[in-house]
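Here's a walk through one protein model, written for someone who'd rather be at the bench. Have the structure open while you read.

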Amino acid sequence: MVIGAGVIGSSCAYFLARDGHRVVLLDRGDVASGTASASGGWVILHARDEREAYRLVSESRRLYDLLAEDAGVRILPTGGLSIASSPSELEMLRAQCERAREFIPVELLDRSNLHDLEPMLAPDLAGALYCPGDAVVDPPQVCRALMKRAETLGAQVLTHQPVVDIEVETNRVMAVRTMTERIPAATVVCAAGVWSAEVGRLAGVTVPVRPRRGHIVRISRRLVTRPMLEFGYEEATRPSTDGRGLEFVMQPAPSGGCLIGSSREFKGFEHNVDPGVVASVWTRAARFVPALRDLRPESVLVGFRPYCDLGRPLIGWAGPQGFLLATGHEGTGIALGPATGKLVADLVAGRILRTGYELGG
Ligand SMILES: Cc1cc2nc3c(=O)[nH]c(=O)nc-3n(C[C@H](O)[C@H](O)[C@H](O)COP(=O)(O)OP(=O)(O)OC[C@H]3O[C@@H](n4cnc5c(N)ncnc54)[C@H](O)[C@@H]3O)c2cc1C
């Protein structure tokens with residue numbers, strides 16, 4: 001049983017179904033109706049700071065190619081950029097490039113190489129780190145493709161079925177209850193994104209995941225052809241950041257146009273668009289892509305990143321026997337979805353005993 005039909009839950013359902021398990025995937029809304037519907041789709045390989053993180057995301061990128069072939073997931077192999085605004089930032093990117101090279105192919109671009117690649121960028125930017133392995137996906141398309149393929153492998157997908165209770169007996173999960181049904185289950189995977197704390201409570205597990213709100217602006221012009229972010233962006237994703245986390249990030253949207261972001265705020269589930277945040281995102285982006293000064297935001301998406309207080313995803317057994325967490329991916333759930341689904345399937349099959357991303361680990 002998998003709770004949540006976002007990128008994480010659909011990846012889990014797909015890999016579990018491939019292993020021959022009888023999978024039921026439940027969502028309280030439609031497929032991809034949670035954060036997947038208001039997210040960027042950058043599968044970003046660089047911008048990591050430790051070996052294990054590189055390993056996990058590289059595995060995910062490899063699996064995306066498999067999913068393209070086996071499930072019809074559409075992936076644009078664009079490569080991606082971290083941009084330096086000044087010579088001192090370029091020097092720091094040079095050092096990052098050296099570290100990253102141990103794990104993935106990356107190269108440092110000077111100003112003129114950068115402009116050959118992305119002519120709409122401001123001419124005074126100093127250069128960039130270029131990662132050819134980065135790619136872009138459309139998160140709802142990923143969910144739907146995986147779901148469809150899981151169904152052909154025997155999975156059952158039940159939408160508009162909120163899970164309202166998880167039955168636990170003698171410290172073992174027994175069943176899941178929706179408003180209308182009791183569905184027996186020996187294994188329950190909580191892939192409920194920002195709602196994971198709620199679902200965890202049903203099984204008696206405290207899940208330290210909360211919503212971190214983000215704004216992204218959509219435009220219909222394809223001003224850039226690769227995803228890009230400004231040097232320092234990763235700092236804004238750190239647990240210590242409490243402000244609005246406003247940093248430039250832009251990516252081509254697979255369905256056309258571009259997405260421009262982004263912000264990071266702890267505002268509970270406040271879903272309203274904040275015009276002040278949108279204006280700041282736009283001004284920051286125009287520093288990097290001057291053509292935006294002559295355009296206006298066309299639409300705005302507000303989404304919630306599942307932020308984990310441990311500063312990393314939670315993937316592993318937790319609480320009563322049979323209960324598994326696959327959540328807390330913050331701003332990397334699209335990139336890490338396939339690797340997470342595979343880890344969950346490996347745990348359930350007993351191919352591995354631990355992932356290193358456990359709640360208590
Ligand atoms: C603005 C923004 C930009 C982003 N850009 C990127 C990016 O470029 N690259 C990247 O890797 N990541 C990005 N992310 C992060 C990424 O979107 C998330 O990490 C990811 O979507 C989380 O997936 P999920 O499956 O855990 O959650 P969700 O997609 O939210 O899925 C959880 C599902 O659980 C269901 N659910 C909840 N409670 C219940 C219940 N009781 N019963 C049944 N179902 C339930 C919900 O309806 C939902 O469909 C971005 C996020 C935001 C907000």
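What follows goes from the domains to the ligand, the core and a few odd spots in the backbone.

## How the chain is divided

First, keep in mind that this is a predicted model. The protein chain splits into domain 1 (2-74 + 138-208 + 310-349), domain 2 (80-132) and domain 3 (210-307). Measure between C-alpha centres and you'll find domain 2 and domain 3 lying 20 Å apart. Their contact draws on 14 residues from domain 2 and 14 residues from domain 3.

Over on the domain 2 side of that contact, β5 (80-84) and α3 (87-100) each put in at least two residues. β5 gives the most here, with five residues. By class, this side of domain 2 has nine nonpolar, three polar and two charged residues.

## Around the ligand

Where does the ligand lie with respect to domain 1 and domain 3? Both domains give residues to the shell around the ligand, so it lies between them. The shell has 44 residues, and those that come nearest are Gly6, Gly34, Gly40, Gly193 and Gly333. Two or more shell residues come from each of α1 (7-18), β14 (209-219), β18 (299-308) and α9 (333-349).

β18 has the largest share of the shell, with four residues. As for chemistry, you get 20 nonpolar and 20 polar residues, plus four charged ones.

## The nonpolar core and helix α9

In soluble globular proteins, nonpolar side chains tend to be buried together. Here, the largest nonpolar core counts 115 residues, and Ile3, Ala13, Leu146, Val188, Val189 and Val344 are the ones touching the most other members. α9 supplies the largest share of this core, nine residues. Take Val344: leaving out neighbours within four places in sequence, Val344 is in contact with Cys12, Phe15, Val189, Ile315, Leu324 and Ala326.

Thr340 is worth a click too, and you'll find it in helix α9. Is Thr340 buried or exposed? Thr340 has 31 C-beta neighbours inside 10 Å, so it counts as buried. Skipping residues up to four places away in sequence, Thr340 touches Ile8, Ser11, Pro313, Ile315 and Ala326. Compare Ala135: Thr340 and Ala135 are 205 residues apart in sequence and 18 Å apart in space, going C-alpha to C-alpha.

## Odd spots in the backbone

Most residues other than glycine have a negative phi, and most peptide bonds are trans. A few places in this model go the other way. Between Gly261 and Ser262 there's a cis peptide bond, with omega at about -10 degrees. Look for Ser262 in the loop between β17 (258-261) and α8 (275-288).

Ala32 isn't a glycine, yet its phi is positive, near 65 degrees. Ala32 sits in the loop between β2 (24-26) and β3 (42-43). Despite the loop address, Ala32 is buried, because 23 other C-beta atoms lie within 10 Å and 20 or more is enough for that label.

Thr170 also has a positive phi, about 40 degrees, without being a glycine. Thr170 belongs to the loop between β10 (165-169) and β11 (172-177). Why does Thr170 count as exposed? Because just 7 other C-beta atoms lie within 10 Å of Thr170, and 12 or fewer makes a residue exposed.

Technical notes: Residues numbered from 1 in each chain as written. Predicted model: local features only at pLDDT ≥ 70, side-chain atom pairs only at ≥ 80, totals over all residues. Near = placed C-beta within 6 Å. Nonpolar A, V, L, I, M, F, W, Y, C, P; charged D, E, K, R; others polar. Domains from an automatic or database assignment. Core = buried A, V, L, I, M, F, W, Y, C linked by C-beta atoms within 7 Å. Contact = placed C-beta atoms within 7 Å.
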